[in-house]
Amino acid sequence: MTVPVVVPRAEHAVSRKQIDPDALKVLYRLRQNNYAAYLVGGSVRDLLLGRRPKDFDIGTDAHPYQVKRLFRNCWIIGRRFRLAHVRFGPKTIEVATFRRQLSAAELSAPEEPGEGLVVDELGDVDRMIHRDNTFGTPEEDAFRRDFTVNALFYDIADFSIIDFTGGLRDLDAQVIRSIGDPIERFQEDPVRMIRAVSMASRLDFSIDPPIDAAIAAHRGELARSAPARLVEEIYKLLRGGAAEKAFRMLAERRMLEVIAPEMQKRAGDALWTSLAAIDRYRHHFEETPETLTNALLLGTLLVPLGYDFRQPPVVLGADGRPKREPALSLGLLPLARRDVERLRHILSLQRRLTDLHLSPRARRALMHRGPFREALTWLEIHGGAPEVLEHWRGFIEAAKTFEPGEEGVEGPRPRRRRRRRRRRPFRPAT
């Protein structure tokens, strides 16, 4: 047992006013029903740093189906890691039961036929976590997390901060440190290597030398991760506001060599300039704007590497007829066809957006094209033409408020009222 550091409410700056009201509802209801209820993870870290958390996750000793009984708006998700999602409109508050680290003996016991501990030809144990529904205490839950600054708890019972792993010390030192042996942590989940870089770049923290040593020795483990998870982490890096620094750190540690060798080889000034541009745009907003779509992020990453998405390649089948374009990928990263197609439309609209001689009619038609908003965002981020952007903003505002008969702009046609037919009185035949 570890004696935790407990910081009472009077000695820290976290206030309930800073916590999402719906997250507070969940915390209070759990507590009122005699369950432990903690704000956990990155939200506590960000609140202590004076930053606005993106998500408010909750830890509790209530099992998922006990949580579901308390909330009608609750859904249970996951198999490997069962979670309760309490939904408030478009918002989701994630509630996780405290878990503990599984021992090698427990991992070797199959949960279902075919599951169990995997040992390779050299006798090495596969430590990757394939299931994680073994419940535990708050302390056990803290020690199964990845990094110390992510293992801080805020207790709604007395509004204190609880630290089992030294996270408060590392928060003051501005360092990303692993809980336990980083080699074992990365073998359990290789994506944690990317998360270490992501947090260090976003928070402007340093990375603990043992973590860097483990990345150097085991970055090849990233190839074992699910491609969909890798793509998700890459998009998170691009949306985080520190994309340039994050990708420079990935390249310096040769992690891109495993994820996408072409990116590692072609990374240079053009890529850093493109990533710096999207960081500047992101800093204009408190939260991630909806305009940063996957297609726009994909272009930010790939256009400076020399990929041309303006025209789809023509692929001919054995019969000489065009066939469907094969699935695209960048190294281990699968690229969704819909995002690639959307990017093509965004880039194809740039020439027309920069043509200031378009008639008002043609401009209005352009505004009704599906990718127009994303194309305008691309122009703002990467176009380098502020005068064109101001021109379009003025035109959009005028289109919303113009008066009929204004020069160069057609007014809305008045709606034609249909005349009601007069009914003739009924006259019986004589």
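1. A good place to start is helix H14 (residues 269–282), whose buried residues pack against helix H10 (227–239), helix H11 (243–252), helix H15 (294–302) and helix H19 (372–383). Here, contact means heavy atoms within 4.5 Å, and buried means under 20% relative accessible area, with over 50% called exposed and partly exposed in between (1.4 Å probe, protein chains only). Helices (H or I, at least four residues) and strands (E, at least two) are DSSP runs, numbered from the N terminus.

2. Please keep in mind that this is a predicted model, with local features needing pLDDT of at least 70 and side-chain atom pairs counted only at pLDDT 80 or more, while totals for chains, interfaces and linings use all residues. Residues are numbered from 1 along each chain as its sequence is written, and side-chain values use heavy atoms, leaving out hydrogens and water.

3. Staying with H14, ten of its 14 residues are buried, so the helix is mostly covered. Among the buried ones are Leu 271, Trp 272, Leu 275, Ile 278 and Tyr 281, along with Asp 279 and Arg 282. From first C-alpha to last, H14 reaches 20 Å, close to the 20 Å expected at 1.5 Å a residue (1.5 Å times one less than the number of residues).

4. Two of those H14 residues turn up again beside Leu 238, which touches Ala 243, Phe 247, Leu 275, Ile 278, Leu 297 and Leu 301, not counting residues up to four places away in sequence. Leu 238 is also one of the residues touching the most other members in the largest nonpolar core, which has 105 residues; Val 26, Leu 30, Leu 39, Phe 247 and Leu 301 are the others. A nonpolar core is a set of buried Ala, Val, Leu, Ile, Met, Phe, Trp, Tyr and Cys residues joined through side-chain atoms within 4.5 Å. Helix H8 (residues 192–203) gives the largest share of this core, seven residues.

5. Now the sheet: it is open, has eight strands in the order E1-E8-E7-E2-E3-E6-E5-E4, and shows mixed pairing. Strands pair if DSSP finds at least two bridges between them. Strand E1 (5–7) and strand E4 (74–77) are the edges, each pairing on one side only. E4 pairs with strand E5 (residues 83–88) in the antiparallel sense over four bridges, and Trp 75 has His 85 in E5 as its bridge partner.

6. One residue to look at is Arg 185, in helix H7 (residues 182–188). Arg 185 is buried, with a relative accessible area of 8%. A polar atom of its side chain lies 3.3 Å from the backbone oxygen of Arg 145.

Notes
A polar contact is a pair of N or O atoms within 3.5 Å; within protein, one must be able to donate a hydrogen and the other to accept it, and residues adjacent in sequence count only if both atoms are side-chain atoms.
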